[in-house]
Amino acid sequence: MEAPSFSSSTSSSHLLAFRSSSTYSRVLLRSNIQKNHLNFKSFRNFSVRASSNGHSVVTLLDYGAGNVRSVRNAIRYLGFDIKDVKSPEDILNADRLIFPGVGAFSPAMDVLNKNGMGEALRTYIENDRPFLGICLGLQLLFESSEENGPVNGLGLIPGVVQRFDSSNDFRVPHIGWNALKIKNDSEILDDVGDHHVYFVHSYRAMPSDENKDWISSTCNYGDDFIASVRRGSVHAVQFHPEKSGDVGLSVLRRFLQPKSTVTKKPIEGKASKLAKRVIACLDVRTNDKGDLVVTKGDQYDVREHTKENEVRNLGKPIELAGQYYKDGADEVTFLNITGFRDFPLGDLPMLQVLRCTSENVFVPLTVGGGIRDFTDINGRHYSSLEVASEYFRSGADKISIGSDAVYAAEEYIKTGVKTGKSSLEQISKVYGNQAVVVSIDPRRVYINDPNDVEFKTVRVTNRGPNGEEFAWYQCTVSGGREGRSIGAYELAKAVEELGAGEILLNCIDCDGQGNGFDIDLIKLISDAVSIPVIASSGAGAAEHFEEVFTKTNASAALAAGIFHRKEVPIHSVKEHLSKEGIEVRI
């Protein structure tokens, strides 16, 4: 693992020094033993697949940013070995090349240009060699980008990569499962058809007369943008096949084996637009024996009300995540509530959960908990960017920031100055705002008169205990244990300006109650911001998902306990939503 090589604020020597410590060595030894035990079955299956495919080799251009582990895992899952690009010659000598571009346009081009790989990549593609670009790997083929720019690209396809227009009420970033419109013949898209594929981006290229011969599919999100290109042996897609389930795996398989018959085809779909997402959340912590377990609390109390007062144990995180993937979860979120908050990079067990999960779960993974600047017991300082890098490189697609984002927002509201030093700003700048989720944990405070507080209030659907008609939502930190003098509305507006790409909106009052989401709160926040909002806390029935999607502008809804306890299966939620005319991924 290594931090992004293009970040001046990231010190690889710090990580190396950390890894030489005795603490790291002991925990690594224990984690490796766990990993070997957990991965034996997947290793055995991989060996069988690889031998049947002749140990075919795929060259991977990994320039050091974002979650490329998922692409690696998908390639290996399909039975192929990987050779990493270490020099321009490795690109020119590749039999087939995959470029999973993750992050921001400008830093990526800086790396490619500084080490000579940009020119080698241009030559490789101009010679019509087998190529698959993913996400940023598509955008870099164009002439330039407006992201932190203008910045010149590889100049192979006419056009400028531009930010989505959010003035038409479409949320930016474009995050979620959307449908494709197939334009031209592209054998790698043969199995996509009426299925959703996963997008996560803020910038896109638009069709034009100059680039129309390249376009193999488009996607509609406000306007029709370029979803994939193909010319000869050269392919590139804006979506993430490695995060698009069986549909995405079929895309990768057809690129890697263009003349093969795909044996496992995705089930029939009816995709027409952006789907509402159903997300499974796993609160992960150590129990009193030191084992990692999935737990769930009522108003964040995760202990059983018994004589033993033990931590509530609802299963093992890797196994549950794998089951939810099979059940149809659109994303899996890990919220790390264990005891490593003073030493985030020492949290090897959580990193290991990500690594093992991403080997067989091909939908987006989000992780939150303890991602911030910190100083270890030896006085060595680590930036939040270094911490986030470890999580990205271990399999996370998005990072969730909680308390640290509250502190940054408070300072920003107080001074009106973006310092660029907060974890939110640092990670967003390097990885793009689509990689940063801010988790907001508010509690309802009832009042009689909106003029009694300086924060945004709502007229509540259900009156307070003393007949109050209004409420404001006080944000908390430290897992809901400390209230702050900032409202959820003010916090949401501030973190959007600081670089958040998505908001995970919890509600302490509703958590674990099973009576439905706090519609008043979710409507307040989803109407206030132009980034996607994930509704959380309170789901107890499939009808609650329907309610939040019909009464608010939430883009996704998250649940935990009802899935863990098998009270409401994920497929039942999706069947209900589909029956009610709400588009979901099948």
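The legends below describe close-up views of a predicted model.

**Figure 1. Overall composition of the protein chain in the predicted model**. The protein chain contains 18 helices and 29 strands. Of its 586 residues, 60% count as buried. Among contacts in the protein chain with a separation of 6 or more, 71% are accounted for by residues 24 or more positions apart.

**Figure 2. Packing of helix H12 against helix H14**. Helix H12 spans residues 403-415 and helix H14 spans residues 488-498; their axes come within 9 Å and cross at roughly 90°. H12 is therefore roughly perpendicular to H14. On the H12 side, the contact is made by Ala405, Val406, Ala408, Ala409, Tyr412 and Ile413. On the H14 side, the contributing residues are Glu490, Leu491, Ala494, Val495, Glu497 and Leu498. By class, the residues of this contact comprise 10 nonpolar, no polar and 2 charged. The buried residues of H14 are Ala488, Glu490, Leu491, Ala492, Ala494, Val495 and Leu498. Just after H14, Gly499 adopts a positive phi of about 125°.

**Figure 3. Cys135 among the annotated active-site positions**. An unreviewed UniProt entry lists Cys135, His240, Glu242, Asp283 and Asp441 under "active site". From this set, Cys135, His240 and Glu242 belong to the lining of the largest cavity. Cys135 is located in strand S4, which covers residues 131-135. The relative accessible area of Cys135 is 8%, so this residue counts as buried. The phi of Cys135 is near 60°, a positive value in a residue other than glycine. When neighbours within four places in sequence are left aside, Cys135 is in contact with Gly101, Val200, Val237, Gln238, Phe239 and His240. His240 is thus both a contact of Cys135 and, in the UniProt record, a listed "active site" residue.

**Figure 4. Surroundings of Glu242**. Glu242 is placed in the loop between strand S14 (234-237) and helix H8 (245-256). Its relative accessibility is 3%, and Glu242 therefore counts as buried. Not counting residues up to four places away in sequence, Glu242 touches Ser70, Val71, Ala74, Ile134, Leu252 and Phe362. Like Cys135 and His240, Glu242 is part of the lining of the largest cavity.

**Figure 5. The annotated binding-site residues Gly370 and Asn506, with Gly369**. The "binding site" positions in the unreviewed UniProt entry are Gly370 and Asn506. Gly370 lies in the loop between S18 and S19, and with 15% relative accessibility it is classed as buried. Gly369 is also in the loop between strand S18 (365-368) and strand S19 (374-375). At 16% relative accessibility, Gly369 is likewise buried. Although 31 residues apart along the chain, Gly369 and Ser400 have C-alpha atoms separated by 7.2 Å. Asn506 occupies the loop between strand S27 (502-505) and helix H15 (519-528). The relative accessible area of Asn506 is 6%, which places this residue in the buried class.

**Figure 6. Contact between Thr59 of strand S1 and Asp90 of helix H4**. Thr59 is found in strand S1 (residues 57-60) and is buried, its relative accessible area being 5%. Beyond neighbours within four places in sequence, the contacts of Thr59 are Lys83, Val85, Asp90, Ala94, Arg96, Leu97 and Ile98. Asp90 belongs to helix H4 (residues 88-92) and counts as buried at 15% relative accessibility. Asp90 in turn touches Thr59, Lys83, Asp84 and Val85, with residues up to four places away in sequence not counted. Lys83 and Val85 therefore appear in the contact lists of Thr59 and of Asp90.

**Figure 7. Backbone features in three loops**. The peptide bond from Gly149 to Pro150 is cis, with omega near 20°. Pro150 lies in the loop between strand S5 (142-145) and strand S6 (151-152). A cis peptide bond also joins Val172 to Pro173, with omega near 15°. Pro173 is situated in the loop between strand S7 (157-163) and strand S8 (174-179). Ser478, which is not a glycine, has a positive phi of about 55°. The loop that contains Ser478 runs between strand S25 (470-477) and strand S26 (482-487). With 29% relative accessibility, Ser478 counts as partly exposed.

Conventions: Residues are numbered from 1 along each chain as its sequence is written. This is a predicted model: local features need pLDDT of at least 70, side-chain atom pairs count only at pLDDT 80 or more; totals for chains, interfaces and linings use all residues. Side-chain values use heavy atoms; hydrogens and water are left out. Axes are lines fitted to C-alpha atoms, for helices over the stretch in contact, and angles run from 0 to 180 degrees between N-to-C directions. Helices (H or I, at least four residues) and strands (E, at least two) are DSSP runs, numbered from the N terminus. Angles under 35 degrees count as roughly parallel, over 145 as roughly antiparallel, 65 to 115 as roughly perpendicular and the rest as oblique. Contact means heavy atoms within 4.5 Å. Ala, Val, Leu, Ile, Met, Phe, Trp, Tyr, Cys and Pro count as nonpolar, Asp, Glu, Lys and Arg as charged, and the others, Gly among them, as polar. UniProt positions are given in the numbering used here, feature names are shortened, and annotations may be inferred rather than shown by experiment. On a 1 Å grid over the protein atoms alone, a cavity is a set of points where a 1.4 Å probe fits but cannot get out, and a pocket is an open set with protein on both sides within 12 Å along at least five of seven lines; lining residues have an atom within 4 Å of a point. Buried means under 20% relative accessible area, exposed over 50%, partly exposed in between (1.4 Å probe, protein chains only).
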